[in-house]
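User: I am a first-year student and should like a close look at a single part of this structure, namely the second largest pocket. Please explain what lines this pocket, and then describe the chains around it.

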Amino acid sequence: MAEMWIHMGPQHPMTHGLWNLRIKVDGETITDAEPELGYLHRSVEKIGERRKYFMNTTLTDRLCYASAMTWTHCYCLTAEELMGVEVPPRAKYIRTVVLELQRIASHLMWLASYLPDLGLITGFLYGMRDREMFLNLLEIPSGGRLLYNYVKIGGVKRDLPPGFDAKAERVMQTLERRLKEYEDLYDNSKIFRMRTDDVGCYSASDAINWGITGPNLRSAGVPFDLRQADSYDAYPELDFTPVTTSAGNGRSDCFSRYRQRIDEMYQSMDLVRQALVKMPEGKVMAGSVPVRARGEAFRRTEDSRGEALMYLIGDGTDRPYRWKIRSPMFTTVSAAPHFLKGYKVADVPAIMGSIDMCIGETDK
Amino acid sequence: METGQFVQQLAKRDGASDGSVLRANVGRITVTRAASQAFFRVLKEDFGFDHCSLISAVDNQTGFELVYHFSIIDMEGQMLEVHVELPRDTPTIDSITHLWGGADWHEREAYDLMGIYFIGHPDLKRVLLPDGFAGHPLRKDYVYEIHEEEW
């Protein structure tokens, strides 16, 4: 049969953001694919070169609207490394708490967008409802619902108010109860399983070579988590091991990526509890934060979607000379042609949805 | 292997210099452009750096600099930062996509935004900016107040 190219996007229900996936099909089977990006390119790196170090936290919030806290945190961590700023212990714990709450909110956002792709509209309503509880929690210290600007170079903007841990505990208990319901609902759903089992497979060694990181790599059974491998904030003092799932034989499929994120939500709740219990008293902001910086520094963090890395070069002025961002999704999407090949056109939403795309950080 | 140990071993190679340890598990090294290809092969095959985290292109005004961040996917999290200097008039270097598939789009991005040419890259074209865009906007001499064409 004659092969042809089909455009899925930039306006397509599957894309979740503005990007274009060109697929080459032979009948219903995908023989080649090519993602096209750039529709949301704002050149954050170039804008950042014209702004002072502390101003850039407003930009980093907007890198990914579903996971704003983690990106600002990654930037602040790099800037602190560059300037040699020591963060007070309490601020480290607060950061850990808000980062994990953000991770849960981000994973719930993924759940809410993935399930309607597969025809489970209920999943959208449930996921969004639960995410709202976590957005409300994050609103308490930061004042923002999506864009927080809460993590600052040298600490966090303000302390957690009294009673925060009780509120967080109530929300987490609700989510735990509901997650069990969802597992019953989705894991046992025959339609959901038919569309995700053994679809979009890749092996662990391929994933490493292609640069896939985060939940998408751990879902192939690789216990690699930057919260431990390159630890930061309060994570070295918390007790946890990386969660992994697998579709068997060190492979990852859509279902194992779904399981991975559900399991990570349980782990995040455990980490929030541990951090709230161990949290010391004290200041939440370093005494003095320099305005100028010279030298170079990089830090990497475990973002909700994988390995986030920022590289900063300072030339002694109050603005970065060069600021480079590694977006985990940018690399993961580049591998999409490899794990789309051989599947059907109808599998595209299931496969591309399962890697949790965020076009804001991908296009930068 | 200790970070200091492997940085020392790597610094002995041809074209490598300035081996140092930045912090726990993170090393830094400078390599000449001519020696870079052989160096990267050794890094991947003998030292087990299986993950190419990031390729950053830096405009130093006098020339360009490529900063590679490589890491090992295990719980120790070893990392190596490799600096390669490129002359301003010929900003070219051999591609590493045949060693690390994940380097593919990082190289495309460096080409797109900074105008570095990667020889042997399977499909070196713009990734974030549209085809036909003039210039490479992350270069320091790029004048971006003037837009001759509407995008």
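Analyst: The answer below begins with the pocket and then turns to each chain and to a few individual residues.

This is a predicted model, in which local features need pLDDT of at least 70, side-chain atom pairs count only at pLDDT 80 or more, and totals for chains, interfaces and linings use all residues. Residues are numbered from 1 along each chain as its sequence is written, chains are lettered from A and ligands numbered from 1 in the order in which they are written, and side-chain values use heavy atoms, with hydrogens and water left out.

The second largest pocket has a volume of about 360 Å³. A pocket here is an open set of points on a 1 Å grid over the protein atoms alone, where a 1.4 Å probe fits and protein lies on both sides within 12 Å along at least five of seven lines; lining residues have an atom within 4 Å of a point. Points are joined across faces, edges and corners, and the volume is the space filled by probe spheres set on them. The pocket is lined by 19 residues, and those closest to its centre are Ser334(A), Pro337(A), His338(A), Asp104(B) and Trp105(B).

Three elements each supply at least two lining residues: strand S3 (29-36) and helix H13 (336-340) of chain A, and helix H3 (103-114) of chain B. Helices (H or I, at least four residues) and strands (E, at least two) are DSSP runs, numbered from the N terminus. The largest share of the lining, four residues, comes from S3(A). By residue type, the lining consists of eight nonpolar, five polar and six charged residues. In this division Ala, Val, Leu, Ile, Met, Phe, Trp, Tyr, Cys and Pro count as nonpolar, Asp, Glu, Lys and Arg as charged, and the others, Gly among them, as polar.

Chain A, to which S3 and H13 belong, has 15 helices and 10 strands. Its radius of gyration is 20 Å, close to the 21 Å that the globule rule gives for 364 residues, so chain A is as compact as a globular protein of that length. This radius is taken over C-alpha atoms, and the rule is 2.2 Å times the number of residues to the power 0.38. The C-alpha trace of chain A spans about 70 × 45 × 35 Å along its principal axes. Of the 364 residues in chain A, 63% are buried; buried means under 20% relative accessible area, exposed over 50%, and partly exposed in between (1.4 Å probe, protein chains only). Among contacts in chain A with a separation of 6 or more, 72% join residues 24 or more positions apart, where contact means heavy atoms within 4.5 Å.

One residue that takes part in such distant contacts is Met285(A), in the loop between helix H11 (254-278) and strand S8 (294-303) of chain A. Its partners beyond four places in sequence are Pro88(A), Lys152(A), Ile153(A), Gly154(A), Gly155(A) and Val156(A). The C-alpha atoms of Met285(A) and Gly154(A) are separated by 5.6 Å, although the two residues are 131 apart along the chain. Met285(A) has a relative accessible area of 30%, so it is partly exposed.

Another loop of chain A, between helix H10 (226-229) and strand S7 (251-252), contains Asp233(A). Most residues other than glycine have a negative phi. Asp233(A), however, has a positive phi of about 50° although it is not a glycine. With 9% relative accessibility, Asp233(A) counts as buried. Ala247(A) also lies between H10 and S7, and is partly exposed because its relative accessible area is 24%. Beyond four places in sequence, Ala247(A) touches Ser219(A), Ser252(A), Asp253(A) and Ser256(A).

Chain B, which contributes H3 to the pocket, has three helices and seven strands. Its radius of gyration is 16 Å, close to the 15 Å that the globule rule gives for 151 residues, so chain B is as compact as a globular protein of that length. Buried residues make up 55% of the 151 residues in chain B. Within chain B, Asn25(B) is found in the loop between strand S1 (16-23) and strand S2 (26-31). Asn25(B) has a positive phi of about 70° although it is not a glycine, and at 25% relative accessibility it counts as partly exposed.
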